[in-house]
Amino acid sequence: MAQPADLLFSKEHEWVKIDGDVATVGITDYAQNSLGDIVYVELPKVGKKIDQFGNIGVVESVKAVSDLFTPIGGEVIEVNAGLDADPAAVNREPYGAGWLFKVKVADPSQKSNLLSPSDYEAIAVD
Amino acid sequence: MNAESPVKRTALYDEHVRLGARLIPFGGFDMPVQYGGILKEHDAVRHRAGLFDLSHMGQFILEGENVAAWAETLTINAVASMKPLQARYNIFCNPQGGAHDDTIFYRLDGRWLLVVNASNADKMWAHLNANLGDSGVKLTNLHGRNALIAIQGPKAVAMLQRHVDIDLSAVKYYFCAQGNAYGKPAILARTGYTGEDGFELFLEGADAADIWSALLRDHADEGLEACGLGARDVLRLEAGMPLYGHELTEEITPVQAGQTWALKLSKPTFVGKEALAEQLERDDFSRIVGLTMEGRAPAREGYAVFLGDRAVGEVRSGSLAPAVGNKNIATALVAKEAATVGTSLTVEIRGTRHQATVVAMPFYKRPQ
């Protein structure tokens, strides 16, 4: 799956789509493939203020717990409630129905700390 | 991986690469954790059949007229009463009653085969040799030379039958037979670690890859899949089977692990006998229990377990269990007062306590 062109990426294999001051966050196709079958996602609570690159939850595969980091800082305004019953959506559609949470961006200049699709592609290798 | 002990490869390594396996070092060998995905492989075993490479496990040949009597002094179960071609689960203990390893003995024609966990192959080889005494038993180490393939699942026996020259329906559970698979000599044992019917094939290393790829080729359209160690762990946990290092260790005894069905205290002497008898008598030991979690967060090895406010133990194994209503299941080593089936406990997961219930094992029983 090629990286969607309108996203920015973190070194921890998260993507972020920024629309005005709302950012949608998920994990990349490379990340979901590396993790294998995802069975549980623990997301930050709505209202929580999170810092860019902070450890804010977990994504669990059958065998392992992986820390989840946020590529952007701000206040959590929505989480993907569907993942409770269907965590596999993250595997199936990491850039679509498998989105994780939305953030009201505190500092738009934080975008400059993120990777472009082509820069991310360079690190998304085994 | 250090320069002294490079990771070894089983006879099926090229097959794993061909099939796109994700490989990890395990027990000194590069082994497949998964191919197409753990849940997909688990599904194959529970509904059709799965193929496992177990050639990393230790295989020892024991010869001599005193094998059974000698083995009985080092293990908890009976050996001498095994019938020809019978297989039996057995545990080697240390003097404190803790487990060196859990194993399977096979009584073959004129010799015995002992299969041990891959992670304990070197330890067990040293242990057997150090305790030969004047038994006259001759030991041969086939670790890494002979191959072992398992085919497990409701369709496994029917699939295998088409390629072997003996009647597999005549081989009872926990018995084995000598035969040929695809024309190559094999010991075919009706044993397994999944809770499904199936066979384990002991093969010459040189024959293994051809038989493995032939089985996959001949039964792909019936849904036979290569399965890795990841799926194997979910399957054995659902089936309530202990995994050495988790439910049995040098500290956790067979009594604590619920394996007293394999304990024969009537044997005159064996390593650990006094300790295990005393442990049973005092009956105040912490013990392995099964847990089902109420929520979606999996319990994992090492998580603390509570009865009310009191810490009573820790999780030893845990996983999502697709064959147990897609619940999260676990084993835990807990204090006696927390161990009664039906007891409500909590498991601490990242600082939050999650509801769990003590349940009887196995969690899953195959439809009869």
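In the predicted model, the association of the two chains involves 12 residues of chain B, which are in contact with 10 residues of chain A. On the side of chain B that touches chain A, at least two residues each are supplied by α2, α7 and β16, the last of these spanning residues 310-321. Classified by side chain, this side of chain B comprises 6 nonpolar, 4 polar and 2 charged residues.

Two of the elements that contribute to this side of chain B, α2 and α7, also pack against each other within the chain. Helix α2 of chain B, formed by residues 38-47, and helix α7 of chain B, formed by residues 229-238, have axes that lie 8 Å apart and meet at an angle of about 55°. The arrangement of α2(B) relative to α7(B) is therefore oblique, and the crossing of the two helices is right-handed. From α2(B), the contact draws on B:I38, B:E41, B:H42 and B:V45, while α7(B) provides B:G230, B:A231, B:V234 and B:L235. The residues of this contact between α2(B) and α7(B) divide into 5 nonpolar, 2 polar and 1 charged.

With regard to confidence, chain B has a mean pLDDT of 97, and 99% of its residues reach a value of 70 or more. For the model, the scores are an ipTM of 0.93 and a pTM of 0.96.

Key
Residues are numbered from 1 along each chain as its sequence is written. Chains are lettered from A and ligands numbered from 1 in the order in which they are written. This is a predicted model: local features need pLDDT of at least 70, side-chain atom pairs count only at pLDDT 80 or more; totals for chains, interfaces and linings use all residues. pLDDT is the predictor's confidence in each residue, from 0 to 100. Axes are lines fitted to C-alpha atoms, for helices over the stretch in contact, and angles run from 0 to 180 degrees between N-to-C directions. Helices (H or I, at least four residues) and strands (E, at least two) are DSSP runs, numbered from the N terminus. Angles under 35 degrees count as roughly parallel, over 145 as roughly antiparallel, 65 to 115 as roughly perpendicular and the rest as oblique. A crossing is left-handed if the near helix is turned anticlockwise from the far one by less than a right angle, and right-handed if clockwise. Two residues are in contact if their C-beta atoms, placed from the backbone, lie within 7 Å. Ala, Val, Leu, Ile, Met, Phe, Trp, Tyr, Cys and Pro count as nonpolar, Asp, Glu, Lys and Arg as charged, and the others, Gly among them, as polar.
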